[in-house]
Amino acid sequence: MNDELTKPGTDVLMDMLLDSPDLTVFLQRLAQISDAELSREAGEGHCSVTVWRKRRPFTIASSGPEAAAMDELQYASNQGPCMEVAKTGRPVEVLDFRTETRWPRYVAAMAESPMRSVLAVPIALHTPDASAALNCYSPHPRHVPVQIRDMLLDFTEMAARALSLSVKHQTQIDLAADLAAAMQSRTAIDLAAGVIMAQTNCSQQEAVDIMITASSNRNEKLRDVALSVLARFDGSTPTTHFDSL
């Protein structure tokens, strides 16, 4: 592995581990630094972190709305590379969605997507009821270069160690609160998409695309755009209920 390539990234990641106040912030920074390294060395990229709680996936962090939207297509079809990672615990790569033959429902959903390839890498959470993966999407059909793949594997290995320590030192309540906060964001986005679908008779993906466009134009987080849609609808703040750890 090229030390000159990997050392800056891993040094930054180590600083992240020391500076992150909680699990959500750390995973958000992991997605952002992975995106930066992927984009710097291999062209444009979009990264996210999927967490499974008792077999239910949700995006806890992403470098931008594009990656989060791609994750939603996997969750909706209940298949795809990051879903495969949850089953096998091994990295999964798609070189080109337009020629991919695995996961037919997911591939069909990706037909109109600007993304052409993805690498999904497992992150070990070391808890019996949870697992995670780093998802790296690209608009280009390609193999992720081996040095970048090795770097991402290094990142996720270090993240797994940090998360293992976090799980040991955090109370179960703290960890559940972090996951609940991420679920609250996802609930707002899903409910807002439903409102837009009802008002415009569009599909779920078209509704999400509308919010992504608004997020980009306003320079706001996707969750904030969703909350503004819901505020105009009934003025209430959405709540999420899920099993605690």
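Here is a quick tour of this protein chain, from its overall make-up down to a few of its parts. Keep in mind that the model is predicted. The chain has 245 residues, and 50% of them count as buried. Its secondary structure comes to 9 helices and 5 strands.

**The overall picture**

- If you read along the sequence, you'll meet the elements in the pattern α-α-β-β-α-α-β-α-β-β-α-α-α-α.
- Take the contacts in the chain with a separation of 6 or more: 63% of them are between residues 24 or more positions apart.
- The chain exposes about 12,000 Å², with carbon and sulfur atoms supplying 52% of that area.

**The nonpolar cores**

- In soluble globular proteins, nonpolar side chains tend to be buried together.
- Here, the largest nonpolar core holds 37 residues, and Met70, Phe97, Tyr106, Met110, Tyr137 and Met211 have the most contacts inside it.
- Plenty of elements chip in: α3 (65-77), α4 (81-88), β3 (92-94), β4 (117-127), β5 (130-138), α7 (172-200), α8 and α9 (222-233) each give at least two residues to this core.
- Helix α7 provides the largest share, with 6 residues.
- Which residues does Phe97 touch, leaving aside its neighbours within four places in sequence? They are Tyr106, Val107, Met110, Met115, Arg116, Ser117 and Val118.
- There's also a second, separate core of 28 residues, and among its members are Phe58, Ile60, Phe155 and Ala160.

**The β1-β2 hairpin**

- Strands β1 (residues 46-53) and β2 pair in the antiparallel sense, with 6 bridges between them.
- Val51 sits opposite Phe58 of β2, and Phe58 also belongs to that second core.
- The hairpin has 2 residues between its strands, and Lys54 takes a positive phi near 50°.
- Strand β2 (residues 56-62) is mostly covered, with 5 of its 7 residues buried.

**Helix α8, side by side**

- Helix α8 covers residues 204-218, and its 15 residues reach 21 Å from first C-alpha to last, close to the 21 Å expected at 1.5 Å a residue.
- Ala207, Val208, Met211, Ile212, Ala214 and Ser215 are the buried residues to look for in α8.
- Those residues cover an arc of only 165° around the axis, so they lie on the same side of α8.
- An α-helix has 3.6 residues a turn, so residues three or four places apart point the same way.
- Over on the other side of α8, Ser216 and Asn217 are exposed.
- Right after α8 comes Asn219, which has a positive phi near 55°.

Conventions
Residues numbered from 1 in each chain as written. Predicted model: local features only at pLDDT ≥ 70, side-chain atom pairs only at ≥ 80, totals over all residues. Heavy atoms only, no water. Helix = DSSP H or I, 4+ residues; strand = E, 2+ residues; numbered from the N terminus. Expected span 1.5 Å × (residues − 1). Buried < 20%, exposed > 50% of the residue type's maximum accessible area, 1.4 Å probe, protein only. Arc of directions from axis to C-beta. Pairing = 2+ DSSP bridges. Core = buried A, V, L, I, M, F, W, Y, C linked by side-chain atoms within 4.5 Å. Contact = heavy atoms within 4.5 Å. Areas by Shrake-Rupley, 256 points an atom, 1.4 Å probe, with all protein chains shown as cover.
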